[in-house]
Amino acid sequence: MAILSGVAFLVCWSVDQTYLAPALLVAVALSGRCPRPGLLDVLALLLGVWVVASLGWTVDTAATRSSVYLYGTCVLLLVTVRHVVTTIRDLLAVGGSFLAGCLVRTYELIRDPSIGGDLGRAGAFDLSVRYGIEGFNINLTAYTMVAGVLLAVLLGTVGELPRAARLVLYAIVALLGYAVLLSGTRGALAALLLGAAYLLCSRATPRACWLVAAVAVPAVLLLVPLGVGEATLLRLDGLVADRATGDLAGRMLVWPEAVATWEQSPLAGIGAGAFMAVSSWGIGAHSLVLTLGADLGLVGVLCYAAVLAAAVRPVERASRQGARLAGLLLVTFLPIWLTGHWEDALAAWLPLALFSLVPALSADRPQGIGGRHHRSGPDGVLSRRGGRRSMVGPGRTGEPTPQVDVLTQHAL
C-alpha cells in the first residue's frame, strides 16, 4: 500500500514516470497474493495486448513504442489498484495520496507559474492569459485537477467521514477548481461545470440522469468529431472572445484528417501513437474516438469502450448513489475526451480504477476483490466500517430488524 500510495502521488507530481511500472510490479509481488483478474482486468489486458500488437503494422515504430509503454503502465496501474486496494481505508490512502500530489501541483501553479499570453489578466475569467507549471503540459495539469475533484467527490461518499475530513475535501475541491481556472483550459472548465450541473440534477432522479449520460456521452464523442454540432461548438468557442479561433484551436482542422487516416485502416489503425507522428498539422487528433480509431482502428475503439463500460456499469448497478457516481465520471470526463488527449494518462486511469472498486468494497464479503463484484448494501455506495458490513439492519439505523425482534421474543 505504501508503494501504491507513492505511485498515486507521483502520477500527478512527477514528469518522469518511467519508473512507475516497475514500482507497480513490486507492489503486486509484495502483496503476497496471486492476482485474480475480473472482467475489467481481462478487458484492460486485452487492450494492452492489442496496443503491443500494433507494433507489427505501425507506420512509426518509435511513436508506437512510446505509446506501448504509456498504455502498458496505465493497464498495470488499473490492475494493481484493483488487486492491492481491499478496504475503504486502502481506497482513502490511495485517493488521498493522489489529492496530495494535486495540491503540490496547485501550490507550484500559484507560487511560481509560467505565463502564456499577456503579462496579466484583466479579470478572474480572462482566459486569454494561461498559467501553467514549467516543464508540465498545461492542459494535462488542468485535466489532472479535474480528476482530483472527481476523487474528492468519491472519497466524500465513503461512509461516516468526520466533519473535519469532509471540510478538508470541500477545501480541496475549491483549490483544484481555482487551479483549473488559472490554467485557462476550457475543456477542463467545461468538465467542472458539467459535473456540478450533473450533481445538482441527479439528486432527485439519479437513475434517469444516468441513462441520459450513458446515451448522450457516447453519442457526442462519436458524432461531434464527424461534423455534427459544429455550429454549436463554434458558438461556445466564441464565448471566449480573446481565444476564439473559429476552428476550436485547430481541432476542426485535424479531425477530418484523423477520420481519413482511420478510413485507410478501419479495423487495425496505423499503430498506437502513430497519428501524431504523421499528422500534417503536427498535433494529435484531440478526440478520444478519433485518436483510438486512427491509431488502433475499430478493434481498439471497442476494446477501450469495453474497459470503460466494465468499470462504470457495476458502479451504476450498486445503488442510487452509485448511479450518480457513474454518471458523474462520464459527464465530467466528456469535454476532455471530446477535445483533449486523455486516453493514456495515468491520472485518468487511477480514478477509473478506484471508482470500479465501489461495488467490491460494499459487498457482503470484505475480501471481495480482484474485480469480483458482489451485491452492494441497500443504502449508499460504500460500506461504513473499513469495507466490512455493518451489523445493523437494512436501514443501517442501529435498530434490530423485524426478524430479529421475532426471534428475541420467541427466545424469551
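1. The second largest pocket first. In this predicted model, helix H4 gives the most to the lining of that pocket, with six residues. Helix H4 spans 61-84, and at least two lining residues each also come from helix H6 (138-155), helix H12 (274-278), helix H13 (288-318) and helix H15 (346-356). So if you are looking at the walls, start with H4.

2. On volume and centre: the second largest pocket holds about 860 Å³ of space. Its lining runs to 35 residues, and those closest to the centre are Leu-70, Leu-140, His-341, Asp-344 and Ala-345.

3. What is the lining of the second largest pocket made of, by class? Nonpolar and polar residues come to 15 each, and charged ones to five.

4. Staying with helix H4, have a look at Val-75, which sits in that helix. With a relative accessible area of 4%, Val-75 counts as buried. Beyond its neighbours within four places in sequence, Val-75 is in contact with Ala-44, Leu-45, Gly-48 and Trp-349. There is also a nice long-range pairing to check on screen: Val-75 and Leu-350 lie 275 residues apart in sequence, yet their C-alpha atoms are 9.8 Å apart in space.

5. Helix H2 (residues 20-30) is worth a turn on the screen. Its buried residues include Leu-20, Ala-21, Leu-24, Ala-27 and Val-28. Viewed down the axis of H2, the buried residues fall within an arc of 115°, so they line one face of the helix. As a reminder, an α-helix has 3.6 residues a turn, so residues three or four places apart point the same way. On the other side of H2, Leu-25, Ala-29 and Leu-30 are exposed.

6. Which helices help to cover the buried residues of H2? The cover includes helix H1 (2-13), H4 and H15. H4 and H15 both turned up above as contributors to the lining of the second largest pocket. After H2 comes Gly-32, with a positive phi near 75°.

7. Last, the cysteines. The count of disulfides is zero. Why is there no bond between Cys-201 and Cys-209? The cysteine sulfur closest to that of Cys-201 is in Cys-209, but at 5.8 Å it is too far for a bond, since a disulfide needs the two sulfur atoms within 2.5 Å. Cys-209 itself is buried, with a relative accessible area of 14%.

Terms used: Residues numbered from 1 in each chain as written. Predicted model: local features only at pLDDT ≥ 70, side-chain atom pairs only at ≥ 80, totals over all residues. Heavy atoms only, no water. 1 Å grid on protein atoms, 1.4 Å probe; cavity = no way out; pocket = protein on both sides within 12 Å on 5 of 7 lines; lining within 4 Å. Points joined across faces, edges and corners; volume = space filled by probe spheres on them. Helix = DSSP H or I, 4+ residues; strand = E, 2+ residues; numbered from the N terminus. Nonpolar A, V, L, I, M, F, W, Y, C, P; charged D, E, K, R; others polar. Buried < 20%, exposed > 50% of the residue type's maximum accessible area, 1.4 Å probe, protein only. Contact = heavy atoms within 4.5 Å. Arc of directions from axis to C-beta.
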